[in-house]
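Please work through the exercises below with the sequence and the model at hand. Each task is followed by a stepwise solution.

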Amino acid sequence: MPSDDRPVVVVVVKGLGIGGAEKLISEGARHWDRSAFDYRVAYVLPWKDQLVADLEALDVPVTCVGSPRGLTPRAALALRRALKVWNTALVHAHLPTAGVLARLVTPRPVVYTEHNLVWSYRAPTRLFNRLTYGRNAAVTAVSDAVAATVASYPGPAVEVVPNGVSVAVEPAARDGARLELGLGADDSLVVHVGNIRPGKGHDMLIEFAGALLAHRPKATVVSVGGEKYPGGLDQLRSAAEEAGLNGRLRFLGRRSDALSFIAAADVYVNPADFEGLPVTILEAMALGRPVVATAVGGVPALISDGVNGRLVPPRSPRALVDAVADLLDDPGTAGRIGAAGADTVAAEYGLESMVRAFEDIYRSVLT
């Protein structure tokens, strides 16, 4: 049994919807050393709660400090009260909103993790993040590319702690995804997973799908991800229909079984304009799927073109089509690249390794 003198570590995040940073918390919780630290989780947006049940199933206390209006002064007061009641020793904040909030409401040390290239945030977010940044006790970034964008900020030196994954998909789930899509043994499946928001390349996905399907009518392209702004999913579906791709380019929306579609893919694609270190790419590589991704952010440090994946320039649908077509036409090369990707993730991007690195930082800060 854990001792009563464990320091309380409160993980703070804006929401617990299905997203990369959020999944790192909910899945990383399986590896938390709860004999050494008393973990709690606090989040702000009550409507982003899809991963709350996963944490509660692990007996992790989870508290929403926000109201139906989301981030308000009342949320800040609620977080301050919660941190005080819990006798918090350290706060680990993920992403700028949680980072700014934590720095403003508690005198306790804040460990901050940056997941994205900071210029990808809106100007007010960047401003408040920078103004409060010096309050951090320690800072981590998910990749060298992300670390470089905060290197000039006042505060502690940035330590790179890469994202980690630990995934497995049962064959029945993989086969079920293909069955749901109505695919036969000879049909090719290209999969993309990413929430619908600016910069994630969904518009390019439509152009890519049109060019690919014009020459490979037995292929299907699927995108899985929830919308950041209301109406985003319907707009994409309408655009796909107007492009004559209805049925062959499918936007499935938010799915808790997104991994099943990744496992079922012949090729996984990421057409984003910017990335920190995408969890979905790591998941696809871990599952042995050949990945074609835009060479942005931390992706080129993860993928060596032609070795464990394929890299293409951003905003270049033609290059994306050519790379995907090459892999679909050459299953041997696709298999080799997929296996090399799985080896890369197993060797360098383990979920438990990520958690241990964070806990070493906690000990350093608390010493």
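The exercises concern salt bridges and a pair of strands.

This is a predicted model, in which local features need pLDDT of at least 70, side-chain atom pairs count only at pLDDT 80 or more, and totals for chains, interfaces and linings use all residues. Residues are numbered from 1 along each chain as its sequence is written, and side-chain values use heavy atoms, with hydrogens and water left out.

**Exercise 1.** Determine which parts the salt bridge between Arg 315 and Asp 203 ties together.

*Solution.* A salt bridge requires a side-chain nitrogen of Lys or Arg within 4 Å of a carboxyl oxygen of Asp or Glu. For Arg 315 and Asp 203, the closest N and O atoms are 2.8 Å apart. Arg 315 lies in the loop between β13 (310-312) and α13 (317-329), and Asp 203 in helix α8 (residues 202-215), so the pair joins parts 112 residues apart in sequence. Helices (H or I, at least four residues) and strands (E, at least two) are DSSP runs, numbered from the N terminus.

**Exercise 2.** State whether Arg 40 is buried or exposed, and identify its salt-bridge partner.

*Solution.* Buried means under 20% relative accessible area, exposed over 50%, and partly exposed in between (1.4 Å probe, protein chains only). Arg 40, at 17%, is therefore buried. Its side chain meets that of Asp 38 in a salt bridge (3.1 Å, N to O). Asp 38 is also buried, at 15%.

**Exercise 3.** Describe how β9 and β10 pair.

*Solution.* Strands pair if DSSP finds at least two bridges between them. Strand β9 (residues 219-224) and β10 pair in the parallel sense over four bridges. Within β10, Arg 250 is the bridge partner of Val 222.
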